[in-house]
Amino acid sequence: MVEHSSDALIVIDAEARITHMPIGENLFGYAPEDLYATNALDLVHPDDLEFAATEMIKAVTDPGYQALNAMRIRHADGHWVPIELVASSRFDEPAINGVIM
């Protein structure tokens with residue numbers, strides 16, 4: 001059921017690299033293994049990039065940071081997917097050690 005969801009789950013590290021993506025292929029068109037170690041900001045629409053980078057800095061530097069944001073992410077076929085994204089900083093949890101989105 002989860003693998004056919006219209007939601008995605010992504011974990012990024014302190015450099016914004018994707019470290020875990022168990023679901024999201026249906027939404028973005030990428031297989032999880034195609035995005036591992038990719039900088040998540042490389043997938044953000046250019047008009048949303050400054051905002052996304054600022055939010056990423058907040059998430060990395062503020063333990064417990066949580067936010068709801070809207071932006072566009074590039075689909076594997078090149079079109080832009082508008083998303084609402086909940087980000088939660090979990091660097092204080094060794095099993096996660098990243099930002100869950």
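**Exercise 1. Find the polar partner of the D13 side chain, then describe the surroundings of D13.**

Solution. Start with the contact itself: the side chain of D13 reaches the backbone nitrogen of E15 at 2.9 Å. Keep in mind as you work that this is a predicted model. Next, place the residue: D13 sits in the loop between β1 and β2. Then check its exposure. The relative accessibility of D13 is 12%, and buried means under 20%, so D13 counts as buried. Finally, look for partners farther along the chain: leaving out residues up to four places away in sequence, D13 touches T19, M56 and F91.

**Exercise 2. Work out the order of helices and strands in the chain.**

Solution. Begin by counting: the chain has 3 helices and 5 strands. Now walk along the sequence, and you will meet them in the pattern β-β-α-α-α-β-β-β.

**Exercise 3. Identify the largest nonpolar core and the elements that build it.**

Solution. First, a helpful general idea: in soluble globular proteins, nonpolar side chains tend to be buried together. Here, the largest nonpolar core has 23 residues, and those with the most contacts inside it are I12, I18, F28, M71, I73 and I83. Two or more residues each come from β1 (9–12), β2 (18–23), α3 (49–61), β3 (66–74) and β4 (80–89). The largest share, 4 residues, is given by β4.

**Exercise 4. Take two members of that core, M71 and I12, and list their contacts beyond four places in sequence.**

Solution. Take M71 to begin with. M71 lies in strand β3. Its relative accessible area is 8%, so M71 is buried. Its contacts beyond four places are V44, D48, F51, A52, V81, P82, I83 and L85. For one of these, V81, check the backbone too: the C-alpha atoms of M71 and V81 are separated by 8.3 Å, with their positions 10 residues apart along the chain.

Now turn to I12. With residues up to four places away set aside, I12 touches R17, I18, T19, A40, M56, F91, G98, V99 and M101.

**Exercise 5. Judge the chain as a whole: how much is buried, what does the surface expose, and where is confidence low?**

Solution. Of the 101 residues, 37% count as buried. About 6,000 Å² is exposed, and carbon and sulfur atoms supply 55% of that area. For confidence, the average pLDDT is 84, and 89% of the residues score at least 70. Treat residues 1–5 separately: their pLDDT stays under 50, and the model has 5 contacts for them beyond four places in sequence.

Definitions and conventions:
Residues are numbered from 1 along each chain as its sequence is written. This is a predicted model: local features need pLDDT of at least 70, side-chain atom pairs count only at pLDDT 80 or more; totals for chains, interfaces and linings use all residues. Side-chain values use heavy atoms; hydrogens and water are left out. pLDDT is the predictor's confidence in each residue, from 0 to 100. Contact means heavy atoms within 4.5 Å. Buried means under 20% relative accessible area, exposed over 50%, partly exposed in between (1.4 Å probe, protein chains only). Accessible areas come from the Shrake-Rupley method with a 1.4 Å probe; for residues, only the protein chains shown count as cover. A nonpolar core is a set of buried Ala, Val, Leu, Ile, Met, Phe, Trp, Tyr and Cys residues joined through side-chain atoms within 4.5 Å. A polar contact is a pair of N or O atoms within 3.5 Å; within protein, one must be able to donate a hydrogen and the other to accept it, and residues adjacent in sequence count only if both atoms are side-chain atoms.
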